[in-house]
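Subject: Structure for your review

Dear colleague,

Please find below the structure that I am handing over to you. My notes on what was found in it follow directly after.

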Amino acid sequence: MQSRCPGPRISRRQMIQAGAASYLGLSLPQLLRAKDTRKSTSATADACIVIFLDGGPSHLDMWDPKPDAPAEVRGEFKPIQTSVPGVMFGEHLPKFARQMHRCSLIRSAHHSVNNAHAAAVYCALTGHDRGEIGGGASPDDFPCIGSVVGTQRPPANAVPPHVLMPYITKEGAGGPPQPGFFGGWLGKTRDPLVILRDPNAADFALPELTLGPDIDPSRFNARKLLSEKLSAARATNSDPDLEGIRAKAYDLLTAPAMREAVRIDREPAKLRDAYGRNIYGQSVLLSRRLIEAGTRVACVSWAPDANATWDTHGNNFTKLKGELLPQLDSAFSTLLDDLDARGMLERTLVVVVGDFGRTPKINTNGGGRDHWNFCYSLVLAGGGVKGGYVHGASDKIGAKPSRNPVTPADVIATVYECLGVPHDLELRDRLARPFVLCPWGNPIREVLA
């Protein structure tokens with residue numbers, strides 16, 4: 001059962017308004033919803049790119065090294081200086097380290113989920129900590145950031161408000177899709193556009209966004225008109241989600257901005273090389289192109305399934321050094337430089353986070369680290385957050401927060417604050433039931449510029 005807020009108290013004035021509204025064909029829930037959605041906060045970002053390190057990145061080997069800890073804690077990597085004096089990263093993030101003056105680093109995040117990736121991912125992406133309740137995505141889930149922002153700040157152009165790539169991450173190989181990436185109780189029409197092709201492939205394209213060779217614009221418009229007439233004729237029995245999805249599909253097929261945005265082949269080869277010629281580096285580059293075209297939120301889920309990449313129970317140091325950290329290092333640092341060169345960084349929030357961290361003590365499974373929800377790190381940059389700032393701290397072995405602990409709800413509330421959406425906004429599901437977006441957290445004011 002998901003957490004729900006009670007309905008709002010109705011004042012005498014609202015009851016009078018409701019009576020008047022009935023003459024205009026508005027129900028009380030519609031009136032309240034119209035009132036609530038007028039709430040807003042001053043946005044410092046117009047868009048957000050989420051780089052989600054699915055599986056649980058090792059904070060101790062990346063952003064919170066402990067060089068004075070015992071060998072079984074500090075691990076194999078040496079600390080290096082960042083662009084902010086006194087702030088150290090792990091040695092295999094040298095480019096990332098040179099961007100620290102643009103970043104806010106949070107070293108004191110924690111939550112209650114230590115076993116189920118699905119529940120931890122859901123917590124990290126929505127702010128709702130439901131404990132060890134695993135399982136796949138559900139229509140009753142709280143919506144992801146992109147789905148919410150799409151309702152409150154729809155794009156000015158005919159582009160999807162929210163895009164997810166390059167995977168719908170599974171809860172283990174062959175498992176169900178993880179929760180936290182979708183529209184949940186906002187409905188399927190608020191799900192992201194999902195790009196499942198590899199943007200690093202030489203033949204990368206999205207033919208779904210192009211009319212077939214035998215269909216010219218006039219023929220397409222005729223088909224659309226016929227479909228609309230048929231939908232109107234069966235309106236009493238039609239599925240509103242299906243009709244909404246069909247309308248979105250029509251819009252995308254006639255949207256030149258979206259077709260142009262996915263033409264990643266038009267980027268200079270040198271820039272593509274800098275992002276990294278791999279599925280994740282090119283997905284981050286594609287995110288920048290989508291944001292530039294008007295998409296509000298682009299999310300890169302860095303794993304085909306929860307155990308495939310950052311879930312380093314075994315061979316932690318080999319995987320990080322040989323593959324994961326060099327790829328992240330190139331993609332993130334190039335993204336910030338690219339956004340800055342285009343004048344976009346100030347209004348684009350970049351979030352790098354995972355579902356939890358890794359154990360301080362190295363295990364005996366080939367030098368791995370296991371799940372650790374009690375303390376982990378994440379990074380924010382651009383879009384209204386401070387540069388060169390470290391919030392909170394962990395103890396001497398990175399096991400528990402020692403200063404200014406924060407929860408995923410606080411992080412999500414901060415993201416919403418930057419994007420101009422109140423974290424305590426009340427939204428309604430398809431049955432007009434009231435839900436408070438993220439009632440448990442508060443924006444981390446010290447992080448905001």
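The second largest pocket of this predicted model has a lining of 20 residues. Ser 138, Pro 139, Asp 140, Gly 184 and Trp 185 are the lining residues that lie nearest the centre of this pocket. Sorted by class, the lining consists of eight charged, seven nonpolar and five polar residues. The space in the second largest pocket amounts to about 310 Å³.

Next come the cavities. The count is three cavities of 30 Å³ or more. In the largest cavity there is about 80 Å³ of space. Its lining is made up of Val 50, Leu 125, Cys 144, Ile 145, Gly 146, His 162, Gly 180, Phe 181, Val 297 and Cys 299. Two elements, helix 7 (145–152) and strand 7 (297–301), each contribute at least two residues to that lining. Seven of the lining residues are nonpolar and three are polar, while no charged residues take part.

The second largest cavity has a volume of about 50 Å³. Around it lie Val 50, Ala 124, Leu 125, Ile 145, Val 351, Val 353, Val 411, Ile 412 and Val 415. Helix 6 (117–126), strand 8 (348–354) and helix 14 (408–418) are the elements that supply two or more residues to this lining. Which of them gives the largest share? The answer is helix 14, with three residues. By class, the lining of the second largest cavity has nine nonpolar residues, with no polar and no charged ones.

I turn now to helix 13, which covers residues 316–341. Does its length agree or disagree with what its number of residues predicts? The helix has 26 residues, and at 1.5 Å a residue it should span 38 Å. The C-alpha atoms at its two ends are 35 Å apart, so the actual span agrees with the expected one. Helix 13 nevertheless bends by about 45 degrees at Leu 324. A proline, Pro 326, follows the bend within four residues.

Leu 324 itself deserves a short note. This residue is part of helix 13 and counts as buried, because its relative accessibility is 2%, under the 20% cut-off. From Leu 324 to Trp 310 the distance is 7.6 Å, C-alpha to C-alpha, and the two residues are 14 apart in sequence. Just after helix 13 comes Gly 343, whose phi is positive, at about 70 degrees.

Finally, there are the cysteines. A disulfide is a covalent bond between the sulfur atoms of two cysteines. How many disulfides does the structure hold? The number is zero. Cys 418 is in no disulfide, and the nearest cysteine sulfur, which belongs to Cys 48, is 8.5 Å away. With a relative accessible area of 1%, Cys 418 is buried. Why does Cys 123 have no bond to the closest cysteine, Cys 438? The two sulfur atoms are 9.2 Å apart, which is too far for a bond, because a disulfide needs the sulfur atoms within 2.5 Å. Cys 123 is also buried, and its relative accessible area is 1%.

When you open the structure, I suggest that you begin with the bend at Leu 324 in helix 13 and then look at the lining of the largest cavity.

Yours sincerely,
A colleague

Conventions: Residues numbered from 1 in each chain as written. Predicted model: local features only at pLDDT ≥ 70, side-chain atom pairs only at ≥ 80, totals over all residues. Heavy atoms only, no water. Expected span 1.5 Å × (residues − 1). Bend = angle between axes of the 7 residues up to and from the residue. 1 Å grid on protein atoms, 1.4 Å probe; cavity = no way out; pocket = protein on both sides within 12 Å on 5 of 7 lines; lining within 4 Å. Points joined across faces, edges and corners; volume = space filled by probe spheres on them. Nonpolar A, V, L, I, M, F, W, Y, C, P; charged D, E, K, R; others polar. Buried < 20%, exposed > 50% of the residue type's maximum accessible area, 1.4 Å probe, protein only.
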